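Subject: Structure handover

Hello,

Here is the structure I promised to pass on. Please load it first, then read the notes below it.

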Amino acid sequence: MKNANVIEGAGDARVAEWLGERLDAALGATAGTVAVTLPGGSTPFPILERLQERAIDWSRVEVWPGDDRIVPEDHPASNTGRIRAALEPLGARIVPLEEDAAPPRFAIAWLGMGADGHIASLFPNTDPRPDDPRPVRRLTPDPLPPEAPFDRITLTIPALLASEEIMFVIRGADKRAVFDGALHGEHDLPVARLLAAAGQPVTCFA
């Protein structure tokens with residue numbers, strides 16, 4: 001795809017700098033709120049710690065998890081709980097995912113990706129579609145990841161594509177190979193379906 005930019009060797013500080021610049025620009029373009037969606041997992045939180053060093057008006061930022069495990073927010077596996085702990089003290093509004101939610105258009109959709117090509121909780125077995133009529137779905141990965149054997153709730157491909165730009169942070173050679181294959185149309189995994197339908201800029205920190 002022509003609108004993808006892969007930035008090599010980017011550490012947490014570089015990613016946080018880029019994200020902070022994008023948030024500043026989005027906030028400067030409106031007097032209202034700006035919505036973003038963030039991934040769970042271990043990768044985002046050191047970056048979010050770096051981002052806290054910037055003077056961002058978090059009171060005007062609405063944060064949606066891209067997906068979550070169906071667990072209470074105080075459970076260690078809760079993406080929403082971890083995002084809330086990181087950003088709510090700064091003033092951000094955290095919006096838990098619900099099946100009947102109506103997500104906004106996001107300024108930034110930050111996505112992670114698994115080695116199986118899944119994005120958010122759109123695993124290969126769930127057959128995610130770019131024309132899904134629903135923005136949010138509850139589903140069950142198969143196989144269930146042993147480290148998080150829970151049903152999931154997730155934004156769908158159309159909800160993720162309702163964004164001004166998309167970013168990925170990809171760590172590890174195995175994931176990078178899957179992402180590169182998706183960029184070049186070499187497979188039909190969920191990440192490839194999203195990238196094939198994306199018309200906005202996509203930035204991947206690898």
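**Sheets and strands**

Strand 6 (residues 106-111) pairs with strand 9 (residues 163-169) in the parallel sense, over five bridges. One contact to look up is Trp110, whose bridge partner in strand 9 is Met167. Keep in mind throughout that this is a predicted model.

Those two strands belong to an open sheet of seven strands. Its order is 1-10-9-6-2-3-5, and the pairing is parallel. The edges are strand 1 (4-7) and strand 5 (93-94), each of which pairs on one side only.

There is also an open sheet of three strands, in the order 4-8-7. Here the pairing is antiparallel. Strand 4 (67-69) and strand 7 (136-139) are the edge strands, each with pairing on one side only. From one strand to the next, the twist averages 15 degrees. Strand 4 and strand 8 (residues 152-155) pair over three bridges, in the antiparallel sense. Asp67 stands opposite Thr154 of strand 8.

As background, strands of a sheet pair through backbone hydrogen bonds, in either a parallel or an antiparallel way.

**Helices across the seven-stranded sheet**

Which strands does helix 5 lie across? Helix 5 (residues 173-183) lies across strand 1, strand 9 and strand 10 (202-205). Helix 5 runs at about 160 degrees to strand 1. Helix 6 (residues 190-197) lies across strand 6, strand 9 and strand 10. The angle between helix 6 and strand 9 is about 145 degrees. Strand 9 and strand 10 therefore appear in both lists, if we take contact as heavy atoms within 4.5 Å.

**Cavity and pocket**

Rolling a probe the size of a water molecule over the atoms shows where empty space is left.

The count comes to one cavity of 30 Å³ or more. About 50 Å³ of space lies in the largest cavity. Its lining is Leu19, Leu23, Val36, Leu38, Leu48, Leu51, Trp58 and Leu87. Helix 1 (12-28), strand 2 (34-38) and helix 2 (44-51) each give two or more residues to that lining. How does the lining divide by residue type? Eight residues are nonpolar, none is polar and none is charged.

The largest pocket has a volume of about 710 Å³. Its lining takes in 39 residues. Gly40, Gly41, Gly114, His118 and Lys175 lie nearest the centre of the pocket. The elements that give two or more residues to the pocket lining are helix 2, strand 4, helix 3 (79-87) and strand 6. By type, the pocket lining has 19 nonpolar, eleven polar and nine charged residues.

Helix 2 gives two or more residues to the cavity lining, and helix 2 also gives two or more to the pocket lining.

**Salt bridges**

Side chains of opposite charge can pair when their charged atoms come close. How many salt bridges does the structure hold? The total is 17. One to inspect joins the side chains of Glu17 and Arg14, at 4.0 Å from N to O. Both residues lie in helix 1. Glu17 and Arg14 are three residues apart, about one turn of the helix.

**Backbone points to check**

Most residues other than glycine have a negative phi, and most peptide bonds are trans. Two places in the loops are worth a look.

- Asp142 and Pro143 are joined by a cis peptide bond, with omega of about 5 degrees. Pro143 sits in the loop between strand 7 and strand 8.
- Ala120 has a positive phi, near 50 degrees, and is a residue other than glycine. Ala120 is found in the loop between strand 6 and strand 7.

Over to you.

Best wishes

Technical notes:
Residues numbered from 1 in each chain as written. Predicted model: local features only at pLDDT ≥ 70, side-chain atom pairs only at ≥ 80, totals over all residues. Heavy atoms only, no water. 1 Å grid on protein atoms, 1.4 Å probe; cavity = no way out; pocket = protein on both sides within 12 Å on 5 of 7 lines; lining within 4 Å. Points joined across faces, edges and corners; volume = space filled by probe spheres on them. Helix = DSSP H or I, 4+ residues; strand = E, 2+ residues; numbered from the N terminus. Nonpolar A, V, L, I, M, F, W, Y, C, P; charged D, E, K, R; others polar. Pairing = 2+ DSSP bridges. Axes fitted to C-alpha atoms, helices over the stretch in contact; angles between N-to-C directions.
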